[in-house]
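Let's take a walk through the inside of this protein, starting with a helix and working out to the cores. Keep the structure open while you read.

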Amino acid sequence: MKREEISDALNLLDEELLSETDRVRSRPAWMRPKYYRGLGTAACLILVAAAGMQFHQWLHTGVDLPSETTVVIDSSESAELPVLSLADWDWGGMGFEGYMAYDISELVSANPWDASIPLDRLPVYQNKLTVNEDYLVRGGDFDRMEEVLKDIAGRLGLDSENLTITDDAPTEEERQKSMEKFKLTGGEPPEGYYDPTRLMTHADGLELEVDLSLTAKITFEPAVPLPDGYNFTFFASYADCQKTADWLLEEYAGLMDMEQPTTAIDGGDYNIYRQQKYQIAFYDASGSYLDQLLNYNFNQTVFYCGDDGMLSMARVFQPDLSQKVGDYPILSVDEAAEQLAEGNCISSVPSDAIPSDTPAKVELVYRTGEREGYFLPYYRFYLELPSMEEEDGLKTYGAFYVPAVRPEYLEGVPVWDGSFN
């Protein structure tokens, strides 16, 4: 892949362009692991530089915690927790997850995870969706999808009980044309190829749809103009995004339906034209620290601009978390860094981009894609890729994911060997 193609591909990622907040960036580095490429080399010593950090006020609870406190999720089922198999997953390895910035501090995030608040356990959920041998996603609950569609319609002031709801299954004519194309190549469509994957409705200048993952997409037709003085464009500055977020919060609080909607502006990475891009989202920051972590990772409302700088679309993410597997003991950041040094991680960094010895930063996230077998927590390490640095100093940071669940509860963890996995 050409360099320009890689850079352009990065800008299409609407996954999380995440990093530490200014508060987190002000801390010293947690570790200095030597990173090898998984070729059997023994892990080097992990140095820790953040001993003695004081806890600050517990997020949104008003309770001061002593520095030795660990956030514990009560669970007596450790001995009964099933081992999670990560083997044979579709990791989506076609996309190189990398971020371009002159300095790691330019990559911003509203992730509420705080490394100074140790966690004892975190929940793991079975993804109700599955991927069959033809790589088609299956397992959608269409009754639940309809409920979500009506709920979103109601939040937008529509008559949710009198909607005309359709799906995306092809018409008979479309099906016949498609089958003729398959015949030309000597093949035939896989079983279930024409099954519906979305529910849709149109009403009052809005197009609503809900997909198998229960993500609701709202398209504004026509796009909604913002008042004079707002800049809601693809490459609006952080300050402009914050101003727009305040307006969105005032205008669309009903759509968000959150007790304590909190702005999450993520991004800050550059494209090849040296333009920075941010994403405006909201999550509910009410409840406990754990509630905030889960809401940030699973339940966001994200707004998108169009070419004309108007509000063109929004998505409400709310995956089905009904199949909880259990609350699993997790690694500390230092222990995860040791796993990283041994190559026990997931990454799409290409083989010719050897990472630096020292992670630029780390954060805890859930991987929430519809092709994940489980929704489980990971430490996402950002490592600089020196071979990809531009002449003007623009750096590329590759993402490496270490499962936060302790290794004794996992099997089939990929080993990064300098190639897509």
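## Helix H5, inside and out

Start with H5: at 1.5 Å a residue, its 14 residues should span 20 Å, and its end C-alpha atoms are indeed 20 Å apart, so the two agree. That expected span is 1.5 Å times one less than the number of residues in the helix. Helices here are DSSP runs of H or I with at least four residues, strands are E runs of at least two, and both are numbered from the N terminus.

Which residues of H5 are buried? They are Cys241, Thr244, Ala245, Trp247 and Leu248. They cover an arc of only 165° around the axis, which puts them on the same side of H5; the arc is taken from the directions from the helix axis to the C-beta atoms. An α-helix has 3.6 residues a turn, so residues three or four places apart point the same way. Ala239 and Glu250 are exposed, on the face of H5 turned away from the buried side. Buried means under 20% relative accessible area, exposed over 50%, and partly exposed in between (1.4 Å probe, protein chains only). The buried residues of H5 pack against S9, H6, strand S10 (261–270), S11, S12 and S13.

## A word on the model

This is a predicted model: local features need pLDDT of at least 70, side-chain atom pairs count only at pLDDT 80 or more, and totals for chains, interfaces and linings use all residues. Residues are numbered from 1 along each chain as its sequence is written, and side-chain values use heavy atoms, with hydrogens and water left out.

## Two nonpolar cores

The largest nonpolar core has 39 residues, and Leu248, Tyr252 and Leu311 are among those with the most contacts inside it. (A nonpolar core is a set of buried Ala, Val, Leu, Ile, Met, Phe, Trp, Tyr and Cys residues joined through side-chain atoms within 4.5 Å.) H3 gives this core its largest share, five residues. A second, separate core of 33 residues includes Leu293, Ala353, Tyr379 and Leu383.

Leaving aside neighbours within four places in sequence, Leu311 is in contact (heavy atoms within 4.5 Å) with residues including Phe220, Leu248, Tyr252 and Phe303.

## Two buried helix residues

Ile152 sits in helix H3 (residues 142–155) and is buried, with a relative accessible area of 1%. Ala216 is 64 residues from Ile152 in sequence, yet their C-alpha atoms are 7.5 Å apart.

Gln339, in helix H8 (residues 333–341), is buried too, with a relative accessible area of 18%. Not counting residues up to four places away in sequence, Gln339 touches Leu331, Asn344, Val402 and Pro407.
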